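Please look over the short report that follows. It takes one residue as its starting point and then widens the view.

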Amino acid sequence: MAKRVSADCRKYPSKKKCTLTVSGSMAEVFPVALYHACKSHGHKNTPAFRKDLKKFIK
Ligand SMILES: [Zn+2]
């Protein structure tokens with residue numbers, strides 16, 4: 001079984017004070033977190049940001 005990880009928006013400083021958490025396997029969480037970061041927080045989907053995002057998902 002794949003290890004369950006989560007992306008917790010509360011741990012990421014943002015003006016929106018977002019409280020979203022996404023959990024599941026890395027393969028499930030990563031695209032959702034990336035989509036959310038871009039759509040809701042205005043991040044750019046760049047290789048550098050994807051690398052940072054991977055570190056943020058634990
Ligand atoms: Zn958020």
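## His 36

In this predicted model, His 36 counts as partly exposed because it has 17 C-beta neighbours inside 10 Å. A buried residue would need 20 or more, and an exposed one would have 12 or fewer. His 36 belongs to helix 1. Its C-alpha lies 9.9 Å from that of Val 22, and the two residues are 14 apart in sequence.

## The two faces of helix 1

Helix 1 covers residues 26-41. Which of its residues are buried? They are Val 29, Ala 33 and Ala 37. Viewed down the helix axis, these buried residues fall within an arc of 60°, so they line one face of the helix.

The face turned away from that buried side carries exposed residues. These are Ala 27, Pro 31, Tyr 35 and Lys 39. After the helix comes Gly 42. The phi of Gly 42 is positive, near 70°.

## Packing and core

What do the buried residues of helix 1 pack against? Their partners are strand 1 (5-8), strand 2 (21-24) and helix 2 (47-56). Ala 33 shows contacts in detail. Leaving aside residues up to four places away in sequence, Ala 33 touches Ala 7, Val 22, Leu 53 and Ile 57.

The largest nonpolar core has 5 residues. Its members are Ala 7, Val 29, Ala 33, Ala 37 and Leu 53. Helix 1 gives the most to this core, with 3 residues. In soluble globular proteins, nonpolar side chains tend to be buried together.

## Overall fold

The protein has 2 helices and 2 strands. From the N terminus on, the order is β-β-α-α. The radius of gyration is 11 Å, close to the 10 Å that the globule rule gives for 58 residues, so the protein is as compact as a globular protein of that length.

Along its principal axes, the C-alpha trace spans about 35 × 25 × 15 Å. Of the 58 residues, 10% count as buried. Among contacts with a separation of 6 or more, 31% are between residues 24 or more positions apart.

Note on methods: Residues numbered from 1 in each chain as written. Predicted model: local features only at pLDDT ≥ 70, side-chain atom pairs only at ≥ 80, totals over all residues. Helix = DSSP H or I, 4+ residues; strand = E, 2+ residues; numbered from the N terminus. Arc of directions from axis to C-beta. Contact = placed C-beta atoms within 7 Å. Rg over C-alpha atoms; globule rule 2.2 N^0.38 Å. Core = buried A, V, L, I, M, F, W, Y, C linked by C-beta atoms within 7 Å.
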